[in-house]
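Student: I'd like a close look at one part of this protein, starting with whatever its cysteines are doing. Then please carry on into the surroundings and explain the words as you go.

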Amino acid sequence: MIKVLRAALLVGLAAIVAAAPAQAQAQDDGGNSGVSDGPRVAVQPYIEVSQILSAELTPGDDVLTYTQVAAGVDVSATGRNSGGSLSLRYERNIGYGASDGIDSDTFSGVARGYLSIIPRSLTLDAGALASRTRIDGSGGVTANPLVQDDAESQIYSGYVGPTLATRVGAVDVTGSARVGYTRLEANDAIVTPSGAVADVFDDSVTYNAQLRAATRPGEPLPVGIGVGGGYFQEDISNLDQRVRDTYVRADVTVPVTSNLSVVGGVGYEDVEVSSRDALRDVNGDPVIGTDGRLVTDTSAPRQLAFDIDGFIWDVGVLWRPSSRTSLAATVGRRYDSTTYYGNFTFVPDSRSQLSISVYDAVSGFGGSLTNSLAALPTEFSAIRNSLTGDFGGCVGGESGAGCAGLFGSVRSAAFRSRGAQIAYQRQVGRLNAAIAAGYDNRRFIAAPGTILAAADGVTDESYYVRSSLNRPIGNNANLAVNGYVNWFGRGDGINGNVTGYGTSAAYSRSLTGKLSARAAVAVDYLDSDLSADDFAFATALLGLRYDF
C-alpha cells in the first residue's frame, strides 16, 4: 500500500504540473486581453541502458560489473498562474556472477508545482521527493551511496495544501495550510557503534497552517501593522512522539527610507514535545520490532520532553534596494532562548543568482524535510550524480537554487534545528555552474525516564557542499561534472563521525536525433569512525540513451 501511495503522489505531482499550462491557456482563450507570453511546457521522457564497472580502490581490490536499465522523465511547465517542475527516474541494477548481490530497484526524483484555484489569490501547492541514501550506525546520512553499499536506504517525502494571497481593501491577507508525509525505509536494522540497534526515524505526518493580515506603510497609517498566527504539529511514529507549536503575534513595519524598514513583533507561543516509552520485556529491556525499531508501549502515559509557553518577540530589518536584491534579517526570543533567522537574495543579472537562508525551528526529521521541500523553487533542474543518476537533494534553475533537508542526522527523536544554507548559480557563455553549501545543528529533545532520555540535549552537526558544471560541446555533445562533500559529527561522545566526498563526470554525444551515447567516470570516498578502514571506489559507465 505504501508503494502505491508513493507512486500516486509522484504521478499526481506530474499531473498538476502538466495541467497548469492547460489552465493558463483556457484562461487566455476566455477573452483575457492582457499581454501574455503564453504557457510553456517541456516534457522529456527517456530510457537508458548502461554497462557499469566498479573497482574497489581501498581497503580491498574487488571489481564488479553490472547492467543498469533506467527510465525517467523531466517536466518543466509555466502558465500564467500555474506551473512547476518534475524530475523522476526509475533504475534497475542487474548483477550477474559475483555481482549478484547488487540487484536493486530505485525510484528517485523531486517535484514542485502549484495550480491556480482562484487566479492571483488561491493556489494549490504540492511537492514530493524520493532519494536513495546511505545511513550508518552513527545516524549520519550520505546522499550519494555506492550501489554495492549494504547501508542503502530510501527516503520519501511529500506535502500538499492551499496558499492564499489576496487583498481586502487596504489589508493584505496571506496564509497557507499543508499536510505532509515522510518515510525512511532501511533495508536492514542500523547498528550503532556499541552494537545495539539504532533508533532511526520511521515515518511522520505533519500539519502546518499560518494566517496573517497586515497593512502596508502609508496605507492608511504611516507604519504598517499586522496580526497573525500559526500552528504546526508533527506526529512521529517512533514511540508516538508529538511536536506541537502554536503562536499568535502582532507586528509593526516602520519605514526608514524608501527601501529600508525596521520591523518588530511580539506575541505568545506554546511549544510541546511529548512521547511514550518503549515496550519492555520481562527483563526490563526494550522490545525491538521486526523492522529494527523500538516498539511503542501504547498503554504507557504520554510524557512531556519540552514544554515552553509565554512571551515571544523579535526585531529586524527589511532591505529591498531594487527588484534584484532583498534582505530580511531578524533576532529575537523564542523557544526560551535567543533566535536568529532570515534570508538574502541577490540577482545581479539574468545569468546569476545568490541566495542565503538562516533558520531556527523545532520539529522531527519529517517536518524539517517537508519544510525545506516547500522552500525549493518551482522552476528547476534536478542536480543528479553524473554516473548513477541519483538525486542528491539539490536543484538549480532560472528561478533559483536550493537543497532539501536530506543531510544530517536521522535519529527518531524530535530536535531543535538551527543552521544556514547558501546557493549560487551562474551562466558563463554556454557553461552553467551551481554550488550549494549548508550547515545544520540539531539539538535533540527527549523525555526523562524514557528509552530516548539518553538523546536529550545531544547535538549532532553536519556540513555539506554540492556543485555542478554543465556545458554543451558543439551542437551534438555535452559535458557534465558534479562533486559533493558531506561531513557528519555525532554529538554524544561516541566515535561516529562520517566524511564522504566524491566527483563524477559524464560525456554524452548525439548519434541520431533521439539516440545518444554516454560515458562517465566517478570516484567516491567514505571515512567512518565505525570502521578501521576507509573506503574508496572508482566507477566507469558506457551506455546509450533514447529521448522520446
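Tutor: Let's fix a word first: a residue is buried if its relative accessible area is under 20%, exposed if over 50% and partly exposed in between (1.4 Å probe, protein chains only). Keep in mind that this is a predicted model, where local features need pLDDT of at least 70 and side-chain atom pairs count only at pLDDT 80 or more, while totals for chains, interfaces and linings use all residues. Residues are numbered from 1 along each chain as its sequence is written, and side-chain values use heavy atoms, with hydrogens and water left out.

Now for your cysteines: Cys-394 and Cys-403 are both buried. They are joined in a disulfide, with 1.9 Å between their sulfur atoms; the cut-off for calling a pair of cysteine sulfurs a disulfide is within 2.5 Å. A disulfide is a covalent bond between the sulfur atoms of two cysteines. The link of Cys-394 and Cys-403 is right-handed, with 100 degrees about the S-S bond. By that cut-off, the model has one disulfide.

Next, the nonpolar core, meaning buried Ala, Val, Leu, Ile, Met, Phe, Trp, Tyr and Cys residues joined through side-chain atoms within 4.5 Å. The largest one holds 20 residues, and Val-110, Leu-129, Leu-184 and Leu-369 have the most contacts inside it. At least two residues each come from strand S5 (122–135), strand S7 (152–168), helix H2 (365–374) and strand S18 (391–396). Of these, H2 gives the most, with four residues. Those labels are DSSP runs numbered from the N terminus: helices are H or I, at least four residues, and strands are E, at least two.

How do strands sit next to each other? Take S15 (residues 337–349) and S16 (residues 352–363), which pair in the antiparallel sense over six bridges; pairing here needs at least two DSSP bridges between the strands. A hairpin of two residues joins S15 to S16, and Asp-349 has Ser-352 of S16 as its bridge partner. S16 also pairs with S20 (residues 414–428), antiparallel again, over 12 bridges. One of the matched pairs there is Leu-354 with Tyr-424 of S20.

Let's finish with charges. A salt bridge puts a side-chain nitrogen of Lys or Arg within 4 Å of a carboxyl oxygen of Asp or Glu, and the model has 27 of them. Try Glu-48 and Arg-89, whose closest N and O atoms are 3.2 Å apart. This pair links distant parts of the chain: Glu-48 is in strand S1 (residues 40–58) and Arg-89 in strand S3 (residues 83–95), 41 residues apart. Glu-48 and Arg-89 are both buried. Arg-89 also makes a salt bridge to Glu-91, at 3.7 Å between the closest N and O atoms, and Glu-91 is buried too. Glu-48, Arg-89 and Glu-91 belong to a network of salt bridges that also takes in Arg-518, Arg-545 and Asp-547.

For one more pair, look at Asp-105 and Arg-92, with 2.7 Å between their closest N and O atoms. Asp-105 lies in strand S4 (residues 104–118) and Arg-92 in strand S3, so this salt bridge ties together parts that are 13 residues apart in sequence. Asp-105 is partly exposed because its relative accessible area is 45%. Arg-92 has 27% relative accessibility, so Arg-92 counts as partly exposed as well.
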